Amino acid sequence: MTLREDELKACRYAVSEMLRARRRMGAPVPEWLRRIDTRLDAELVECASRTGHDTGTADRNSEVIGVTEAARLLGCTARHVRRLAADLDGQRAGRAWVFDRRTVTEYARGRTE
């Protein structure tokens with residue numbers, strides 16, 4: 001079966017939402033779901049290279065920031081950022097929270113709109 005680019009994007013979105021929901025709940029992410037996410041990402045990159053479109057996956061290696069920087073970007077306290085960790089797709093790195101800068105800036109933009 002072959003999917004069109006818009007169908008691939010829709011599938012990737014659905015899988016990404018499922019991954020985010022499981023992480024927010026603290027539920028384990030099955031390996032098969034991670035493999036599907038990785039495969040859909042690779043398919044989108046390949047499809048984009050064939051058609052010359054941007055898939056938005058170029059930010060894959062975007063900058064990781066800590067609670068203090070996230071608080072500065074959001075204009076709130078570090079304690080409040082830790083409360084928002086699930087909404088910001090935060091990940092634990094040892095005892096510290098880390099966030100994707102792009103996710104935090106999108107969240108901040110969404111709050112002001």
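**Exercise 1.** In this predicted model, find the bridge partner of Gly66 in S3, then work out how S1 and S3 pair.

*Solution.* Start at Gly66: across from it in S3 sits Val98 as its bridge partner. Now widen the view to the strands. S1 and S3, the latter covering residues 96-100, pair in the antiparallel sense over 3 bridges.

**Exercise 2.** Place the strands in their sheet and say which ones stand at the edges.

*Solution.* Begin with the order: the 3 strands run S1-S3-S2 in an open sheet, with antiparallel pairing. Next, count partners. S1 (64-66) and S2 (91-93) each have a single partner strand, so each keeps one side without a neighbour in the sheet, and these two are the edge strands. Last, check the twist: going from one strand to the next, it averages 45 degrees.

**Exercise 3.** Which strands does H3 lie across, and at what angle to S1? Do the same for H5, taking its angle to S3.

*Solution.* H3 (residues 67-74) lies across S1 and S3 and runs at about 90 degrees to S1. H5 (residues 101-112) packs on the sheet too, touching S1 and S3, and its direction makes about 75 degrees with that of S3.

**Exercise 4.** Describe how H3 and H5 are arranged relative to each other, and what their contact is made of.

*Solution.* Take the axes: they come within 9 Å and cross at roughly 25 degrees. That is under the 35-degree cut-off, so H3 and H5 count as roughly parallel. The crossing is right-handed. For the contact, H3 brings residues including Leu73 and Leu74, while H5 brings Val104 and Ala108, among others. By class, the tally is 6 nonpolar, 1 polar and 4 charged residues.

Note on methods. Residues are numbered from 1 along each chain as its sequence is written. This is a predicted model: local features need pLDDT of at least 70, side-chain atom pairs count only at pLDDT 80 or more; totals for chains, interfaces and linings use all residues. Side-chain values use heavy atoms; hydrogens and water are left out. Two strands pair if DSSP finds at least two bridges between them. Helices (H or I, at least four residues) and strands (E, at least two) are DSSP runs, numbered from the N terminus. Axes are lines fitted to C-alpha atoms, for helices over the stretch in contact, and angles run from 0 to 180 degrees between N-to-C directions. Contact means heavy atoms within 4.5 Å. Angles under 35 degrees count as roughly parallel, over 145 as roughly antiparallel, 65 to 115 as roughly perpendicular and the rest as oblique. A crossing is left-handed if the near helix is turned anticlockwise from the far one by less than a right angle, and right-handed if clockwise. Ala, Val, Leu, Ile, Met, Phe, Trp, Tyr, Cys and Pro count as nonpolar, Asp, Glu, Lys and Arg as charged, and the others, Gly among them, as polar.
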